[in-house]
Amino acid sequence: MPFAFMCSGYETKGGQKGLKRISEEETKMYYSVDDLLGIRELPEFLRSENCFNDMQHAMLVILFRRGLESLCEKKMGCVDKMFDVATLYLYIHFLNEEEGMAFQMEEGLVTRDEMIKHSESHLSFLDYWSEHVLFPHKKQETSTEQTIDNVVTFYNLIIKHIEHTDIPTYGSNAVTVEQTRRELARIANTSMPMSPFMSGAYDVVKLLNPEVATCLDASRLGQTALSSLEKKLNLVPNVGRILKGSCGSLRDRFADQTGGDPTAAIGAAKIYA
């Protein structure tokens, strides 16, 4: 996306620089490369107070900043590593979110329609990442400048998603501290990886998108990430299939292929919460 709309997003608060919030009326405005490079921690307005969700988002901030820095300095070895780890993190993070929403749906905190919309957005993000950033870079089909533009566009989309979708879902105005603790405990109890450095992280990407997994340089990933996924998973039961069609959501694919929730299979009967 061309940068016809950019904003200088800095404000000083407590001696630290951070991004100014872009209002909903300014949805066509984007943070520039310099704005994004200036982020050193998760901005306050993007914090949901869900500790694990915020920690994962903070890790994405680090990865995107390092990736952009390396692109600007044309350190392609570093770019490759950052893109590989960021890809793992995106799949793991989105899958964790969807399993958390499955638990929230069971608890009556979100509706099935909300989970459908959220899951669809995850697929859109991953499609953009692979088609406009990862594949063209790995196949050397694009310029460094275009890759920078596409990473900045993607980063902006993620910022808006966190502010306008994640925080209303996971923020302190949506769920209580105790509900958040119960959700995180349930995700941890699934035995699925919760970071790109945990056992089975690479297996998750192979299950969810084999083409993307093949594109990654396994030698750049940690040995723990390459170790096998747990064979026995404890996913939230009887969630049903979230998205129609053979593709399904990330959670649909994972639950179906691992047998963690048979109701997510393509041919399973529909379940309505």
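A pocket here is an open set of grid points where a 1.4 Å probe fits, with protein on both sides within 12 Å along at least five of seven lines. Keep that in mind for the first stop in this predicted model.

**Stop 1: the second largest pocket.** Its volume comes to about 300 Å³. To get to the middle, select Glu 114, Lys 117, His 118, Thr 165 and Thr 169, which are the closest to the centre among the 14 lining residues. Now colour helix H4 (112-138) and helix H5 (144-170): these are the elements that each supply two or more residues to the lining. Which one gives the most? That's H5, with 5 residues. If you're thinking about the chemistry of the lining, it splits into 6 nonpolar, 6 polar and 2 charged residues.

**Stop 2: Gln 104.** Next, click on Gln 104, which sits in helix H3. Is Gln 104 buried or exposed? It has 1% relative accessibility, and the cut-off for buried is under 20%, so Gln 104 counts as buried. Show its neighbours: leaving out residues up to four places away in sequence, Gln 104 touches Leu 109, Val 110, Thr 169, Tyr 170, Val 175 and Glu 183. You've already met Thr 169 at the pocket.

**Stop 3: H3 against H7.** Stay with H3 (residues 76-106) and add H7 (residues 201-208): their axes come within 9 Å and cross at roughly 80°. The two helices are therefore roughly perpendicular to each other. For the contact itself, select Leu 88, Tyr 91, Ile 92 and Leu 95 on H3, then Ala 201, Tyr 202, Val 204, Val 205 and Leu 208 on H7. Colour by class and you get 9 nonpolar residues, no polar and no charged ones.

Conventions
Residues are numbered from 1 along each chain as its sequence is written. This is a predicted model: local features need pLDDT of at least 70, side-chain atom pairs count only at pLDDT 80 or more; totals for chains, interfaces and linings use all residues. Side-chain values use heavy atoms; hydrogens and water are left out. On a 1 Å grid over the protein atoms alone, a cavity is a set of points where a 1.4 Å probe fits but cannot get out, and a pocket is an open set with protein on both sides within 12 Å along at least five of seven lines; lining residues have an atom within 4 Å of a point. Grid points are joined across faces, edges and corners, and a volume is the space filled by probe spheres set on the points. Helices (H or I, at least four residues) and strands (E, at least two) are DSSP runs, numbered from the N terminus. Ala, Val, Leu, Ile, Met, Phe, Trp, Tyr, Cys and Pro count as nonpolar, Asp, Glu, Lys and Arg as charged, and the others, Gly among them, as polar. Axes are lines fitted to C-alpha atoms, for helices over the stretch in contact, and angles run from 0 to 180 degrees between N-to-C directions. Angles under 35 degrees count as roughly parallel, over 145 as roughly antiparallel, 65 to 115 as roughly perpendicular and the rest as oblique. Contact means heavy atoms within 4.5 Å. Buried means under 20% relative accessible area, exposed over 50%, partly exposed in between (1.4 Å probe, protein chains only).
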